[in-house]
Amino acid sequence: MSLASAFARRGAPLLAAALFATGQPHAVADGTAAASHCTAGEQTLFACSTGRKLLSVCASADLALDAGVVQYRFGTSDGSPFVLPVAAADWRIAVRGGSLMFSGGGGAYLAFANPPYRYVVYTAIGRGWGSRAGVVVEKHGRRIANLPCAGAAASVLGPDLFARAGIAEDPTGFELPPVQRNAR
């Protein structure tokens, strides 16, 4: 079963369905464009700043079921970012997608495997807590870091993208990290 049909079958709330079914980029903070490591010739699937660093998921312009490349990129805007998978690797082996369902909302994520690590880029919206996005780093299946977006995030993550690009469903699943409160 595709992620798009699973999303529809589960009766996702109208708000989440509208957000993720359009396949259009949406801002999840203040509506401004997010800076990105993606080049002018690439598609920006996800982009935001985590404060000192940029978090990006970039795709080649020819992304389709049987073509293209998807990469996770993380680093400062003036340096060479950390990239997964490396250019020569088959990205379809390392990348999985998933949908998140919440009362009054929903979300989507892409998981990039680099054993023993997993980098999970997520975006979600829910009634009562608004929008959240960022990346979670796991090691041996245990969360070791959560880097939320510090401002606006642009995202087209969702079932339509996963179906169009042939991104396999993530069998591991993903739990949205708790809201981080500012220490006083």
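Strand 7 (105–114) is largely enclosed by the rest of the structure in this predicted model, because eight of its ten residues are buried. The antiparallel partners of strand 7 are found on both sides in the strand order 6-7-8-9-10. Toward strand 6, the pairing is antiparallel and comprises eight bridges, with Gly 97 bridged to Leu 110 of strand 7. The hairpin formed by strand 6 and strand 7 has two residues between the strands, and Gly 104 in this hairpin adopts a positive phi near 80°. Toward strand 8, strand 7 pairs in the antiparallel sense over nine bridges, and Ala 108 has Thr 123 of strand 8 as its bridge partner. Strand 7 and strand 8 likewise form a hairpin, with two residues between them.

The peptide bond between Pro 115 and Pro 116 is cis, with omega about 10°. Pro 116 is located in the loop between strand 7 and strand 8, which places this cis bond at the hairpin connection.

Together these strands belong to an open sheet of five strands, paired antiparallel in the order 6-7-8-9-10. Strand 6 (95–102) and strand 10 (142–148) occupy the edges; each has a single partner strand, so one side of each is left without a neighbour in the sheet. From one strand to the next, the twist averages 20°. Strands of a sheet pair through backbone hydrogen bonds, in either the parallel or the antiparallel sense. Within the sheet, strand 8 (residues 117–126) and strand 9 (residues 130–139) run antiparallel and are joined by ten bridges. Thr 123, the bridge partner of Ala 108, is also bridged to Ala 133 in strand 9. The loop between strand 9 and strand 10 contains His 140, a residue with a positive phi of about 50° although it is not a glycine. His 140 counts as exposed, at 64% relative accessibility.

Several strands of the sheet also contribute to the nonpolar interior. The largest nonpolar core has 29 residues, of which Leu 45, Phe 46, Tyr 72, Phe 112 and Val 121 touch the most other members. Two or more residues of this core come from each of strand 2, strand 3, strand 4 (70–75), strand 7, strand 8, strand 9 and helix 4 (159–165). In soluble globular proteins, nonpolar side chains tend to be buried together. When residues up to four places away in sequence are not counted, the contacts of Val 121 include Phe 46, Leu 55, Val 57 and Tyr 72. Val 121 further touches Ala 108, Tyr 109, Leu 110 and Phe 112, as well as Gly 134, Val 135 and Leu 157. Another core, of nine residues, lies apart from the largest one and has Tyr 109, Ala 124, Val 136 and Leu 176 among its members.

Two disulfides are identified in the model. One of them joins Cys 38 to Cys 58, with an S to S distance of 2.0 Å, and is left-handed, with -95° about the S-S bond. Cys 38 lies in the loop between strand 1 (26–27) and strand 2 (42–49), whereas Cys 58 lies in strand 3 (residues 54–60), so this link ties together parts that are 20 residues apart in sequence. Cys 38 is buried, at a relative accessible area of 15%, and Cys 58 is buried at 1%.

A disulfide also joins Cys 48 to Cys 149, with an S to S distance of 2.1 Å; its angle of -75° about the S-S bond makes the link left-handed. Cys 48 is part of strand 2 and Cys 149 is in the loop between strand 10 and strand 11 (153–155), so the pair ties together parts that are 101 residues apart in sequence. The relative accessible area of Cys 48 is 0%, and this residue is buried; Cys 149, at 16% relative accessibility, counts as buried too. With the bonded cysteines of the protein chain numbered in sequence order, the pairing is 1-3, 2-4.

A cis peptide bond is also present from Leu 84 to Pro 85, with omega near -20°. Pro 85 is situated in the loop between strand 5 (82–84) and helix 3 (91–94).

Notes:
Residues numbered from 1 in each chain as written. Predicted model: local features only at pLDDT ≥ 70, side-chain atom pairs only at ≥ 80, totals over all residues. Heavy atoms only, no water. Pairing = 2+ DSSP bridges. Helix = DSSP H or I, 4+ residues; strand = E, 2+ residues; numbered from the N terminus. Axes fitted to C-alpha atoms, helices over the stretch in contact; angles between N-to-C directions. Disulfide = S-S within 2.5 Å. Buried < 20%, exposed > 50% of the residue type's maximum accessible area, 1.4 Å probe, protein only. Core = buried A, V, L, I, M, F, W, Y, C linked by side-chain atoms within 4.5 Å. Contact = heavy atoms within 4.5 Å.
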